Amino acid sequence: MPDNLWAALALVLIIEGILPFLAPGLWRTTFLRLTQLSDGQLRFIGLVSIGAGLAALFADQLFS
């Protein structure tokens, strides 16, 4: 389990770093737009992200 956790965290860092590395201007513009969202909108984005992650984990466990 700890090995999987470290692998998952490493993948998160890799994925998070792709956009600023390849398109820093687009990343900056996107980040500025995110800072202008209300708390409720950001919470909704977080909720959707959590739901998508849980669904992906569930599907992985279901089909493996």
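Read along the sequence, the predicted model follows the pattern α-α-α. Three helices and zero strands were assigned. The radius of gyration is 15 Å, well over the 11 Å that the globule rule gives for 64 residues, so the protein is more spread out than a compact globule. Along its principal axes, the C-alpha trace spans about 40 × 30 × 20 Å.

Burial was examined next. Buried residues account for 0% of the 64 residues. The accessible surface of the protein comes to about 5,900 Å². Carbon and sulfur atoms contribute 73% of that surface.

Aromatic contacts were then searched across the whole structure, and one aromatic pair was found. The pair is formed by W27 and F31. The ring centres lie 5.4 Å apart, and the planes meet at 15°. Ring planes under 30 degrees apart count as stacked, and the W27–F31 pair is therefore classed as stacked.

Both partners belong to helix α2, which covers residues 24-35. W27 and F31 are four residues apart in this helix, about one turn. The pair is thus placed within one helix.

Neither ring-bearing residue is buried, because the cut-off for burial is under 20% relative accessible area, and W27 has 36% while F31 has 45%. Exposed residues lie over 50%, so W27, at 36%, counts as partly exposed. F31, at 45%, is likewise partly exposed.

Note on methods:
Residues are numbered from 1 along each chain as its sequence is written. This is a predicted model: local features need pLDDT of at least 70, side-chain atom pairs count only at pLDDT 80 or more; totals for chains, interfaces and linings use all residues. Side-chain values use heavy atoms; hydrogens and water are left out. Rings of Phe, Tyr and Trp (its six-membered ring) pair if their centres lie within 6.5 Å; planes under 30 degrees apart count as stacked, over 60 as edge-to-face and the rest as tilted. Helices (H or I, at least four residues) and strands (E, at least two) are DSSP runs, numbered from the N terminus. Buried means under 20% relative accessible area, exposed over 50%, partly exposed in between (1.4 Å probe, protein chains only). The radius of gyration is taken over C-alpha atoms; the globule rule is 2.2 Å times the number of residues to the power 0.38. Accessible areas come from the Shrake-Rupley method with a 1.4 Å probe; for residues, only the protein chains shown count as cover.
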